[in-house]
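Please open the structure in your viewer and keep the selection tool at hand. The tour below proceeds stop by stop, stating what to select and what is found there.

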Amino acid sequence: MMDWVEKIKNMFPRTGDFYLVKDSDGILDDSSVIDMFSRNDIDYVDFLDPIVFRHTYEATYKYERTNTLIIRTVNYSDIPYDVYAEAFQIQINLKDLIAFLDYTAIKECKIGLPELIDIDSFQYKTLNYEETKILLSKKNKHEDMKEYVLPVTNDIKTFGLAAMIIGQWRSGDNTLNEKQISSINNVNSKFQKWLIQNFDQTVSLPSYPKPKMVHQIPDFMNHSDYSQKKALIVMDGMSFTQWNIIKDYLADNQFKTEVTPTLAWVPSITSVSRQSIFSGKPPLNFSDTINTTNYEEIQWKSFWIDKGFDKSDVFYQRALGSDNYLEMDLQHLLRNKKIVGCVIDSIDRFMHAAQQGLWSVHSELNYWLNRGFLLSFLKDLIENDFEVYMTSDHGNIESHGVGRINQGVLANSKGERVRVYDDKSIRNRTREDYFEVSENWDSQFLPRNYYPLIAKENYAFITKNDKIVGHGGTSIEEVFVPFVKVTR
């Protein structure tokens, strides 16, 4: 019996060659497949922009390539001719991998591709839609009996992959089992050590082929054709967990998404990380406004004016999502704009009001999605010829209180998972007093007189034993956020 790894590898039999791949079923969106590629000397690239692709190809693959290279594209004709002439063109779909399960039924399920192939391999006759749905439903009910393992993590790519998988786990209906929780805790511990050692070096990495950090997103967007209209929607507070819920909703409504993990700023709070997105700069460059988001419109417009656009071409709006979309008439406002930057803060509001943990956030999110604001907004942007991206300024985790730190005015910012001091010695003394539950965070890219004290693990500086969904710290679920291209 052939396992799922061999089945997929057999689609690309010529080791070391190029493949141009049409992937109508999103097989290459499965994180397990991408992880398998990385362990089997197979490189994978999504063809999104010709300039970005050319840079990646010339820098990484053209002269010193030894691995198989898979390039996913919608149209073969979009690929540069020198690559096209050398590559094999293939189309892959689920019907090549699944022999007995009903195609329509498996498209509706949320089971990963390896599990689907495994289930299919034990069938002895073709199942119809209803039979497949019943079988997969039983599989879902026994998901908590599975052994879940996160990939080996040691760099930004593998940690980002782990963050995506954790989001998939948490967005499901089932409670995480002990093996999942242990795996998350182990990866998170490794990630926080890696972050301390590598965060500042990551800041200087290039913004293409994909942005490594959220402040690089405007620069990445600017690499597309100057005449192409561009829109960025920042979903304040959206972790990979909430993204998976949104992704499924968009897929059900005929949207396509391409997601990449990217790093938020630390401390993972709105005034630092979201402001870095709209300014396109590290926090050191906006030290005077680091405690507020009131200057984002000025920063967003300044970035694009510096790139050659007129002020009248650029649009910014925050606090979207709570009103009726049709009453806002955004379509009329956007018609004559070339650059759009918006904040939808619904998830952040659900998070800070959550009384029953992530379950409460997800219940509110599903209700909000069904009201249609996001769907209508994305439709209008795409129908008005915008290239549309979505991202987040930080993620979130369930946290429990270890007691409040009562220092009066000694801390100039008192968040749930981070406290910020303008005096380093006071910050350090506080850390000594709360050594078991806190850690210092320092970066050369934070302003002078800005010294964060981060809550460890899933602790929070709130009343002891109280529970919240919060952010501000350095957990993998707070710091890695989705960067998404949305198309139809």
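Angles under 35 degrees between two axes count as roughly parallel. Please note also that the model is a predicted one.

**First stop: helices H12 and H13**

Select helix H12, residues 270–279, together with helix H13, residues 296–306. Their axes come within 7 Å and cross at roughly 30 degrees. H12 and H13 are therefore roughly parallel to each other. Now display the side chains where the two helices touch. On the side of H12, the residues are Arg 274, Gln 275, Phe 278 and Ser 279. They meet Glu 296, Gln 299, Trp 300 and Phe 303 in H13. By class, this contact between H12 and H13 has 3 nonpolar, 3 polar and 2 charged residues.

Before leaving this region, select Val 266 and Pro 267, which are joined by a cis peptide bond with omega of about 5 degrees. Pro 267 belongs to the loop between strand S6 (256–263) and H12.

**Second stop: another cis peptide bond**

Select Tyr 208 and Pro 209. The peptide bond between these two residues is cis, and its omega is about 15 degrees. Where does Pro 209 lie? Its place is in the loop that runs between helix H9 (178–203) and helix H10 (217–222).

**Third stop: helices H11 and H18**

Select helix H11, residues 240–252, and then add H18. These helices pack at an angle of about 60 degrees, and their axes are 11 Å apart. An angle of 65 to 115 degrees would count as roughly perpendicular, and one under 35 degrees as roughly parallel. H11 and H18 are therefore oblique to each other. The crossing of H11 past H18 is right-handed. Which residues make the contact? H11 contributes Ile 246, Tyr 249 and Leu 250, while H18 contributes Leu 374, Leu 375 and Leu 378. Counted by class, the contact of H11 with H18 has 6 nonpolar residues, no polar residues and no charged residues.

Keep H18, residues 373–383, selected and look along its length. Its buried residues are Phe 373, Leu 374, Leu 375, Phe 377, Leu 378, Asp 380 and Leu 381. A general point assists in reading such a list: an α-helix has 3.6 residues a turn, so residues three or four places apart point the same way.

**Fourth stop: the residue Asp 385**

Move along the chain from H18 to Asp 385, which follows this helix. Asp 385 lies in the loop between H18 and strand S9 (386–391). Although Asp 385 is not a glycine, its phi is positive, at about 70 degrees. Is Asp 385 buried or exposed? Its relative accessible area is 55%, so Asp 385 counts as exposed, the cut-off being over 50%.

**Fifth stop: a sheet of 3 strands**

Select strands S15, S10 and S16, which form an open sheet in that order, with mixed pairing. The edge strands are S15 (459–460) and S16 (467–470), each of which pairs on one side only. Strand S10, residues 397–401, runs antiparallel to S16, and 4 bridges join the two. To see one pairing, select Glu 398, whose bridge partner in S16 is Val 469.

Next, select Asn 465, found in the loop between S15 and S16. Asn 465 is a residue other than glycine with a positive phi, near 75 degrees. With a relative accessibility of 58%, Asn 465 counts as exposed.

**Sixth stop: the residue Tyr 129**

Select Tyr 129, which is located in helix H7, residues 129–141. Its relative accessible area of 29% makes Tyr 129 partly exposed. Tyr 129 and Ala 105 are 24 residues apart in sequence, yet their C-alpha atoms are 5.5 Å apart in space. Apart from residues up to four places away in sequence, Tyr 129 touches Asp 102, Thr 104, Ala 105 and Glu 108.

**Final stop: the residue Ala 87**

Select Ala 87, in the loop between helix H4 (81–86) and strand S4 (88–92). Ala 87 is buried, because its relative accessible area is 10%, and the cut-off is under 20%. Which residues does Ala 87 contact, leaving aside its neighbours within four places in sequence? They are Phe 18, Tyr 19 and Leu 20. Finally, use the distance tool on the C-alpha atoms of Ala 87 and Val 437: these residues are 350 places apart along the chain, and the atoms are separated by 54 Å.

Note on methods:
Residues are numbered from 1 along each chain as its sequence is written. This is a predicted model: local features need pLDDT of at least 70, side-chain atom pairs count only at pLDDT 80 or more; totals for chains, interfaces and linings use all residues. Side-chain values use heavy atoms; hydrogens and water are left out. Buried means under 20% relative accessible area, exposed over 50%, partly exposed in between (1.4 Å probe, protein chains only). Contact means heavy atoms within 4.5 Å. Two strands pair if DSSP finds at least two bridges between them. Axes are lines fitted to C-alpha atoms, for helices over the stretch in contact, and angles run from 0 to 180 degrees between N-to-C directions. Angles under 35 degrees count as roughly parallel, over 145 as roughly antiparallel, 65 to 115 as roughly perpendicular and the rest as oblique. Ala, Val, Leu, Ile, Met, Phe, Trp, Tyr, Cys and Pro count as nonpolar, Asp, Glu, Lys and Arg as charged, and the others, Gly among them, as polar. A crossing is left-handed if the near helix is turned anticlockwise from the far one by less than a right angle, and right-handed if clockwise.
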